[in-house]
There are 2 protein chains.
Amino acid sequence: MTQATRRDRGRAETDREIRQQARALLVNDGPQAVTLRAIARELGITAPALYRYYSSREDLIHHLRLDVCNDLAADLERGLAEVAADAHLARVLTLCRGFRTWALAHPQEFALVFATPVAHDDEDARSVARGSFGRIFLVVAARVLATGTLSLPADSTVPVALLGDMTAFRAELLAMLAESGVDLPPELLGLGTAHLLLQCWVRLYGQVALEVFGQVPIVMTDPEALFESVLADLTGQFGLTAGRP
Amino acid sequence: MTQATRRDRGRAETDREIRQQARALLVNDGPQAVTLRAIARELGITAPALYRYYSSREDLIHHLRLDVCNDLAADLERGLAEVAADAHLARVLTLCRGFRTWALAHPQEFALVFATPVAHDDEDARSVARGSFGRIFLVVAARVLATGTLSLPADSTVPVALLGDMTAFRAELLAMLAESGVDLPPELLGLGTAHLLLQCWVRLYGQVALEVFGQVPIVMTDPEALFESVLADLTGQFGLTAGRP
DNA sequence: ACAGGTTGGTTAACACTGTTTACTCGACCG
DNA sequence: CGGTCGAGTAAACAGTGTTAACCAACCTGT
């Protein structure tokens, strides 16, 4: 059995090297440089050999996307590990800052998973991002919600046209939390709160994408300050005004 | 002279056809399909002939970016033309909705000009978007500001760390307005207002990018409703609560 | 222990791509 | 009319994704 295991491990090993090299090419020379022949060249093999691992180049970069998501998740968790488990607000802030920092440090990867046009019905592609770390966001958000110290928006704040979708969203959030072993009293996650969480994601994503893609309409001497200002705004909407300088 | 003109017109003509075909390939088959040989094939010429017009493929798609911006601007102006010049709030709303509608209808083009990673010092590439229609947004926003009927945020609302950048931003906005022939009393565009305008752009861009790239964490039965909700939130921040349903 | 299949890999080839070079051929100009 | 210029072409080079045929190890079943 050790033979079979060893062989599998060898295969898994080169598989890892393939994606690792692909990743290196992506970050160093941009997406158009991640080419089968270049990857093979770095590994000392020939291009067709890669077809033993991936059915096409597109298949490879799809798996690359998953890799990137996992690495981002690991990166965020690593940053989170340095914050006390009960410092809920600090955890939320480091998570948001970690997301921004990672995105700015890895623009190609960010563009690959967060800014690639995707067909509206390709549910598989759409779920890749939120599966791996949307969950992380949700969990730390739930933990701060669970303290019950926040001033949450009433359900009446959500526009009537959104009521249907927000109830579905709320249910999905609660399901994901239960699945993650976080028990949040459902009454602490009302429709207004779900709506606010969605708005938070919109603004966080928007601010980060804006910076990564250089669409801020002015060169900022201190880009972090702008980010911190939206962060303060977001936490303020939850009644958290801790330490606005 | 008519000969020279005719020759130039012939050249300009094929130039237009080149970009037109490139555009068609982009929208139909994605960015990787916009290839020199395919363009030439459609035009009935050979690929090297394109080098009489553009020094490289990259050069061509750079001009394509400019084309897209111009088309977007024209599209927005067209939509704006159908709204009374003094219906300032309605103009702002149609502008925002027009931007979203265009982006959802032209995801490839949107990705090309609004979501392509760009070096932070490439001022040329960064300014391409804001030059062509950031001005449009600014002008209609200024017109509604000029009415003086809004409740604008005090300068004290902008975080101290942003004061420097916001004064520069405010100056740039005023300069652009003067250049566009819109005279807005400077006291109606304070630092707080500049900051709020920037936040509006962040949220508008973020919401649109989120939808275009399928990063909304739930399938919405009515995506417009979500957009309208942030729109209502934005106008609400200016004290405009006209017609929230 | 040996035949047989599986598996990771190679080589050769096809149809593409961007780009350069050398060359036409026709329209313009003096 | 001779000369120049410029749009376009043909040929070529290097590099791409992908497929087909083949090869040499290895694992397995008898």
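How far is a phosphate oxygen of DNA strand C from an N or O atom in the side chain of Arg41(B)? The views below start with that spot.

**View 1. Side chains meet the phosphates of DNA strand C in this predicted model.** An N or O atom in the side chain of Arg41(B) is 3.1 Å from a phosphate oxygen of the strand. For Tyr51(B), the corresponding distance is 2.7 Å. Arg11(A) has a polar side-chain atom 3.2 Å from a phosphate oxygen. Residues are numbered from 1 along each chain as its sequence is written, and chains are lettered from A in the order in which they are written. Local features need pLDDT of at least 70, side-chain atom pairs count only at pLDDT 80 or more, and hydrogens and water are left out of side-chain values.

**View 2. Residues surround DNA strand C.** Here you can find 19 residues near the strand (a heavy atom within 4 Å of it). The closest are Thr46(A), Arg52(A), Thr35(B), Leu36(B) and Arg37(B). Of the strand's atoms within 4 Å of the protein, 57% belong to sugar or phosphate and the rest to bases.

**View 3. Chain B touches chain A.** In this view, 49 residues of chain B are in contact (heavy atoms within 4.5 Å) with 50 residues of chain A. About 4200 Å² is buried between them, 62% of it from carbon and sulfur atoms; buried area is the accessible area (1.4 Å probe) that two parts lose on being put together, summed over both.

Technical notes. Polar contact = N/O pair within 3.5 Å; in protein donor to acceptor, adjacent residues only side chain to side chain.
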